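Opening the notebook on a new model today. I'll jot down what I look up as I go.

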Amino acid sequence: MSVVETNVATTGAMATGANSPAAAESWQPSILAFACHWCTYSGADLAGLNRMEYPANVRLLRVPCSGRVNPQYVLSALGKGADGVLVCGCHPGDCHYVSGNYYAKRRLMAFKRLLEFTGLEPGRFQVRWISGSEAGKFRDTVTRVCEEVRALGPLTTDQRQALADPVLAGAAATTQAGEAQ
Amino acid sequence: MSRIGVIVCHCGSNIAATVDVEQVVQVAKTLPHVAYAADNKYTCSDQGQQAIKEAIVEHRLDRIVIGSCSPRMHELTFRKMLSQTDINPYMLEIANLREQCSWVHKNKAEGTAKAIDLIKMAVAKCDRDQPLFTMSIPVNKRALVIGGGIAGMQAALDIADAGYPVTLVEKEPSLGGKMVMLDKTFPTMDCSACICTPKMADVGSHPNITVKSLAEVEQISGYVGNFEVTIRERAKYIDYSLCTGCGLCETKCPTKTPSSFEQGLGLRKAIYKPFAQAVPGKPTIDAEHCRKLTTGKCGVCEKVCPLGAIRYDDTDKVTAETYGAIVVAIGYQLIDWGSIYGEYGGGRYADVISGLQFERLVNASGPTEGHVVRPSDGQEPKSVVIVKCVGSRDPEHGRSYCSRACCMYGAKHAHQYLDKVPDGRCYVFYMDVRTPGKGYDEFYMNTQHDGALYLRGRVSKIYQQNGKLICQGEDTLSGQQVTVEADMVVLETAMVPANDADRLGSMLGITRDKDLWLSEAHPKLRPVETNSAGIYLAGTCQGPKDIPDSVAQASAAAMKVAVLFAHDELESNAMIASSDVALCNGCGACVSICPYSAITLEEITLRENSKKVTRRISKVNPGLCQGCGACTVACRPGAMDLRGFSDEQIMREVDALCQW
Amino acid sequence: MSDTMRYAYFPGCSAAGTSIPYTLSAGFIAKKIGLELVEIPDWNCCGTSAALVTDRDLAVALPARSLAIAEHNAATAGLDVATPCAGCFASLKSARDYAASSEQRRARVEAMIGESYSATADVFSFLELMAQEAAATAIEQAIQDAALTLAGLKVACYYGCALVRPASICRFDDNENPQSMDRLVALTGAEPVEWAFKTECCGASHQMTEPAAARQLIERIFVDAAANGAELIATACPLCMLNLDLRLAEVNKRRQEAGQTTFDIPVFYFTELLGLCMGGGVRQLGIDRHFHPAEPQAKRLRTLQQLAEEQAAREAAEAAEAARQRDVRKEEAARKKSEAAADAVPAAAGQGTVADEKEVHA
């Protein structure tokens with residue numbers, strides 16, 4: 001709750017849409033990928049070391065652990081301009097922090113269903129496990145996600161407005177617990 | 001108002017080839033709160049670092065963004081550099097322009113656009129960086145080793161030899177663990193006791209080692225450098241300061257009961273040392289069987305003890321001490337095959353024995369003085385069937401994993417049997433023969449040359465008929481059903497975690513795998529550490545292994561302890577979670593989610609609206625928190641946040657990106 | 001389980017054919033202990049292993065039809081199903097489990113049989129039914145009332161393959177060393193022997209197609225029963241019964257030709273043994289209908305009074321023998337004493353030490 005309110009208040013002015021008619025012709029999907037420091041971020045570094053090419057539409061945001069990814073971040077990203085969001089972490093059982101990716105999995109799977117309930121296409125929000133050695137898998141995953149989102153086209157203004165609804169933010173908060181009930 | 005300095009690195013041509021560095025610098029200059037932006041050929045070089053230090057002074061910068069290689073490469077380098085300036089080393093963000101931009105995109109326009117976005121994100125985040133500080137944690141240079149088997153003894157000796165005091169806690173009356181029960185060790189056929197008992201004596205007499213036998217760890221709290229440990233030493237009913245271990249009491253004690261050291265094949269007295277070379281070399285009274293303690297009548301040991309060392313009124317001793325590091329070496333136990341293998345008689349046939357029972361049978365100081373005889377009638381068995389993988393690699397009945405040592409000790413048992421009974425026949429049923437290790441495969445081949453008949457297949461049923469054990473099985477190589485009439489059957493049973501593993505693991509914050517083995521921090525690169533700092537694993541508690549591997553891991557664990565103890569103080573992680581007292585509602589969601597048990601609920605008294613209010617709030621232990629941030633997401637009121645990766649910082653990065 | 005001992009009864013094809021003694025003896029017991037069996041109208045073949053090897057759907061549909069009828073029929077609705085035959089039990093219980101495992105499967109079964117089926121009623125074999133506490137207590141009482149016993153008779157309880165296996169479907173007793181029949185047979189005073197072939201296959205399904213292999217399966221069961229001293233084999237399956245009882249003659253013939261000992265080990269339904277001890281007659285229970293004569297073993301039945309008299313007589317004989325030996329020893333001691341007195345060597349000191357040590361080490 002606090003997260004959304006603070007940020008809407010302080011940085012809301014920065015948010016702009018990408019749906020102007022002029023942009024549509026040369027439209028490129030914008031994809032934000034949350035990557036855990038220990039696995040996926042190092043997997044992406046390895047992809048760089050091996051000079052593996054992938055679409056430039058993907059930007060990585062480094063977090064210590066996929067368990068650090070708050071569903072509110074995803075809501076905010078999709079509401080303010082991203083066309084797709086990817087969350088990546090260590091493989092189940094390999095979490096640097098013991099169990100963070102399990103929490104991430106439980107939270108984000110519940111959250112994904114909530115997003116789909118609002119009408120968001122499943123391809124726009126994906127969760128993948130990529131280890132530090134899986135440079136190829138990283139390249140393939142971001143490439144595929146990029147293509148899937150490209151095929152879906154830009155998020156409509158209606159969709160973005162729906163995602164910005166505070167009721168949805170409240171509902172998303174209920175997915176945050178992450179503990180097995 | 002912050003003053004941000006942005007430095008964009010060329011990395012020679014690594015970045016500059018596909019990113020227009022000059023354009024990135026120009027855009028950076030326009031970003032809010034950026035007071036200075038420049039490019040640099042090699043930022044990580046001494047000259048590059050010097051240039052940043054000078055810019056900090058010249059432009060009164062209070063935080064830095066560097067667009068360069070991955071933060072996994074040089075974040076620490078630049079933090080170190082900042083620690084030589086007036087800026088806090090955590091007032092730093094790195095945009096990954098090389099591994100995640102210039103190296104993976106060939107189109108310079110695309111690469112430049114992405115680089116600009118990455119710089120924008122870093123600037124947005126850096127604007128909310130806070131100075132962070134590590135804490136110094138004093139290190140208590142005393143080690144606790146739990147378990148006095150070969151791994152625990154080796155770890156204790158190595159730590160003690162490094163000059164640090166060690167307490168070794170053993171739940172049995174003597175050190176030695178499983179190894180001292182073994183007759184010989186493969187592949188060299190060294191007498192196990194001959195190489196194990198001197199180690200026991202070394203441990204017992206080492207000036208830096210305190211042995212607590214018949215003792216268990218009851219409670220542990222604290223964190224690396226400062227573990228508070230409660231140890232319960234069970235009553236021994238003997239004053240060890242007086243007892244000389246003469247053994248008179250044991251010879252005169254009238255009560256006999258099956259010996260667990262002899263695996264139930266022999267008897268011991270109610271006042272006993274489990275075996276002759278036990279350390280401590282003094283007896284204990286088994287309260288469950290002692291006549292004096294159960295019925296009040298007897299007291300023979302007290303009458304015969306020349307030193308008056310018997311104490312029938314002895315009680316458990318509970319002590320609490322502080323240790324800096326803990327080595328867990330609680331070992332394994334053998335799977336309870338009787339309860340799961342009904343087709344092997346479920347323990348109803350006396351002559352179907354476990355491998356550990358065979359070790360005692362063949363041991364010269366064992367119950368039969370080394371004569372291989374059937375437990376049922378004392379006759380020498382003329383044909384023996386050895387069944388491997390009993391409980392191992394059998395997800396249906398037992399465990400799915402391979403117990404690693406059984407192929408070798410199975411071959412050893414076949415060799416020992418054929419050595420003692422030259423006219424005997426020995427059949428070994430196996431699934432695969434796995435003998436990696438120096439001299440191991442040669443040993444197995446020699447066993448075949450000794451005459452052991454290896455049959456590739458599982459035994460489906462063992463039953464008794466006319467005094468013989470009929471083993472029905474399969475020889476998959478010939479495709480035949482086979483039936484062997486045996487006089488004795490030896491089951492090479494799976495290693496499973498010690499009874500205590502789950503309790504101890506949860507107390508110490510060590511994860512357990514699906515089979516309850518204690519988990520190492522990383523299967524390849526951190527094989528002796530656990531996820532709890534300052535707690536290390538040695539030997540089979542981490543997974544099945546043979547003696548040399550256990551000893552190697554024990555020495556490695558001891559080395560880790562010595563490295564830890566080489567410091568007087570430890571630096572705590574600066575990027576940890578912290579809870580805002582004003583927002584916390586004391587729900588405790590963070591407490592149950594924390595994998596390190598770093599969060600506790602505390603009662604605090606506050607003044608609110610000029611009234612005294614007592615509230616529960618969560619509190620993060622900075623020594624335990626590893627900074628994963630799982631708690632921050634679980635926190636509904638938004639009280640919990642992670643330093644260095646705060647909600648606001650991440651949201652600002654998201655917002656910066658969404659300006660596309 | 002139903003509150004009262006009332007079950008929907010699925011007799012199976014053998015009940016009125018090859019296993020008449022089972023039907024007679026179980027019926028006799030049912031009457032004695034107040035067990036009510038309501039036959040499912042228009043029941044059909046359970047399909048057994050023949051259906052299973054032909055078509056998996058058929059193996060579910062055949063038993064499911066009978067179970068569905070039991071649900072719809074007013075007299076059997078809501079009752080759990082009981083069947084004497086192990087094969088029927090396996091088929092019925094497997095079909096019921098299949099339908100109960102998911103809503104989708106249940107719908108599939110309904111489509112196959114063309115009527116609704118809720119798969120709520122459980123299925124019990126006669127053995128499991130009688131091993132349950134209420135029935136076992138009633139059986140014990142009925143035997144006590146009849147004051148009859150089979151004491152001294154050694155029985156190998158043979159469960160066969162289908163009553164306890166697969167464990168995931170049967171969920172009854174230990175599948176390697178089951179005990180339920182042993183406990184019931186022990187109620188008759190007979191002694192169940194420990195033996196190893198309780199759940200081994202008797203080879204019944206393969207006697208026609210693979211006689212050479214299947215005949216051996218029969219013989220080894222008798223071999224192990226004999227090796228453990230059994231005088232008869234008790235079974236709870238009509239097919240095991242038929243297979244073992246019918247072919248014992250053939251086994252014996254082969255053994256005789258090979259110069260091996262033959263077996264006089266008749267096969268009984270466990271219900272026949274219980275029935276005998278409840279006062280059932282040999283003909284009433286169908287014991288006279290066996291292939292291998294079973295009457296000699298049935299004649300070991302005695303009243304408790306006869307048993308007590310026998311025991312008393314045996315004890316008296318034993319006491320007399322003990323007394324005779326005591327006299328012999330006394331004479332011997334007296335003879336030795338007189339000889340020792342003649343030698344006049346004191347041995348008291350030595351004896352004292354031995355006694356002391358005995359006290360410490362006893």
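What radius of gyration does chain C have, set against a compact globule of 362 residues? I get 28 Å for chain C, where a compact globule of that length would have one near 21 Å. Note to self before going on: this is a predicted model.

**Chain C, overall**

I looked at the box next. Along the principal axes, the C-alpha atoms of chain C fill roughly 105 × 50 × 45 Å. For secondary structure I have 16 helices and ten strands in chain C. Of the 362 residues in chain C, 44% are buried. I also checked contact range: taking contacts in chain C with a separation of 6 or more, 79% are between residues 24 or more positions apart.

**Chain C, domains**

The assignment splits chain C into domain 1 (6–127), domain 2 (145–304) and domain 3 (305–338). I took the centres of domain 1 and domain 2 of chain C over C-alpha atoms, and they are 25 Å apart. How many residues of each are in contact with the other? I have 25 from domain 1 of chain C and 26 from domain 2 of chain C. On the domain 1 side, α1 (20–33), α4 (86–101) and α6 (126–131) of chain C each supply at least two residues. The most comes from α1(C), with nine residues. By type, that side of domain 1 divides into 14 nonpolar, eight polar and three charged residues.

**Who touches whom**

Two pairs of chains touch, and the pair with the most contacts is A and B. Chain A and chain C do not touch, and I find their nearest C-alpha atoms 24 Å apart.

I spent a while on the A–B contact. It takes 49 residues from chain A and 46 residues from chain B. On the chain B side, the elements supplying at least two residues each are α4 (98–102), α5 (108–126), α17 (589–593), α18 (630–634) and α19 (647–657). Which element has the largest share of that side? It is α19(B), with nine residues. I sorted the chain B side by type as well: 19 nonpolar, 14 polar and 13 charged.

**Cores**

Nonpolar side chains tend to be buried together in soluble globular proteins, and I went looking for the cores here. The largest nonpolar core has 223 residues. Those with the most contacts inside it include A155(B), A156(B), V489(B) and, from chain C, A234(C). I followed A234(C) up: beyond its neighbours within four places in sequence, A234(C) is in contact with V155(C), C157(C), Y158(C), M181(C), V185(C), F268(C), F270(C) and L273(C). There is also a second, separate core of 132 residues, and Y73(A), L86(A), Y90(B) and Y223(B) are among its members.

**One residue: T605(B)**

I picked T605(B), which lies in strand β32 (residues 599–608) of chain B. Buried or exposed? T605(B) is exposed, because I count 8 other C-beta atoms within 10 Å, and exposed means 12 or fewer. Leaving out residues up to four places away in sequence, T605(B) touches K612(B) and T614(B). I also took the distance from T605(B) to K282(B): 55 Å in space, C-alpha to C-alpha, with their positions 323 residues apart in sequence.

Conventions: Residues numbered from 1 in each chain as written. Chains lettered and ligands numbered in written order. Predicted model: local features only at pLDDT ≥ 70, side-chain atom pairs only at ≥ 80, totals over all residues. Contact = placed C-beta atoms within 7 Å. Helix = DSSP H or I, 4+ residues; strand = E, 2+ residues; numbered from the N terminus. Nonpolar A, V, L, I, M, F, W, Y, C, P; charged D, E, K, R; others polar. Core = buried A, V, L, I, M, F, W, Y, C linked by C-beta atoms within 7 Å. Buried ≥ 20, exposed ≤ 12 C-beta atoms within 10 Å, placed from the backbone. Domains from an automatic or database assignment. Rg over C-alpha atoms; globule rule 2.2 N^0.38 Å.
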